[in-house]
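Student: I'm new to this one. Could you take me through its salt bridges, and tell me how buried or exposed the partners are?

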Amino acid sequence: MTRRSHFQRLLLLAASTTVIAGGAVLPSSAMAATAAAPHTATVTTVASDHDAHRQHGSPASAKQWVETTDAVSGIKFRLPGKPEVMQFTQAVDGMNGRLYKVRTDNGVIVFAVFDLPRAQGELDDALRGLVDGYNAGSQSPEHKLSSTGVHKITVHGQPSLDARLSAPDGAAGSARLIAGDAHFIEIISLSPKGKEKPMHETYQQLLASVHNPHAHATRAD
C-alpha cells in the first residue's frame, strides 16, 4: 500500500471513532464503525490546568480543563475534561498515532496526532477522508456531514486547513488539520443543533491552548 492509502485509512478510522464518541450528536448513527475503531490506550494526561485559562461563563467552566501531553510528539494541549485515548499502530492500522476525545454536554471534541512527516500536500485528502469516514457510520442522509468554508492557512509556520462541518439535522462543528514536518494534527469539534455556540467556544479555547515544540512561529497567520 502507498503512504497516501495508509494516511486516508487512518483518517477514516479517526472519523469513525468520532462517530462512536458522538452518540448524542447523531442518535441514530450506525455503530458498525465500532469494528474499525483503533485499540484503546491508556490516557496520557500529565497535568491539570487549575482553571487558569478558563473564561468566566465559558461552556467548559463547570469542568476542569486538563492539560494533556502527547508523549511521542511532545505536543501539549488542554481539553475540557480527562480524555479517552485511542491508539493507532503501524502493525494494525498502517500508521502510528494517538486520538484524544472528550464528550461534553455540548457535543464531542477530538485531538489526534499521527506520526506522518511531510504531509503538506495531503490536507484536502485528509478532509475528504474525515468527512467520508464520519458519513460511513451514519444511517440517515440527515446525519451526513459536509464541509464548507474550507480555506488554507498557516499555523505556527505549518501548512494547515480550516473547515466548518454541518449536517441537515442541525449538527455542526469545526475541523483544523495541521501538516507538520514530523506529525499530522487533527482537531475536531461536533455538536447537536442548539449547542453550536458553546461548543465552538470550547473549540476555540482548545486551539489557543496548543503548544507544538516543532512549530516555527508563536501564532496562527
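Tutor: Let's start with a bit of vocabulary: buried means under 20% relative accessible area, exposed means over 50%, and partly exposed is anything in between. Keep in mind, too, that this is a predicted model.

Okay, on to the pairs. The count of salt bridges comes to 7. Let's take R98 and D115, whose side chains meet in one of them, at 2.8 Å from N to O. Along the chain these two sit 17 residues apart, with R98 in strand β6 and D115 in the loop between β7 and α3, so the pair links distant parts of the chain. D115 has a relative accessible area of 23%, so we call it partly exposed. R98 is at 8%, and because that is under 20%, R98 counts as buried.

Strand β6 shows up again in another pair: K101 sits there, and its partner E84 is in strand β5, 17 residues apart. The closest N and O atoms of E84 and K101 are 3.8 Å apart. Here K101 is buried at 10%, while E84 is partly exposed at 36%.

Now hop over to helix α3, home of D124, which pairs with K152 in strand β8, 28 residues apart along the chain. Their side chains meet at 3.5 Å, N to O, and D124 is partly exposed with 35% relative accessibility.

One last thing, back at R98: salt bridges with shared partners join D70, R98 and D115 into one network.

Conventions
Residues are numbered from 1 along each chain as its sequence is written. This is a predicted model: local features need pLDDT of at least 70, side-chain atom pairs count only at pLDDT 80 or more; totals for chains, interfaces and linings use all residues. Side-chain values use heavy atoms; hydrogens and water are left out. A salt bridge is a side-chain nitrogen of Lys or Arg within 4 Å of a carboxyl oxygen of Asp or Glu. Helices (H or I, at least four residues) and strands (E, at least two) are DSSP runs, numbered from the N terminus. Buried means under 20% relative accessible area, exposed over 50%, partly exposed in between (1.4 Å probe, protein chains only).
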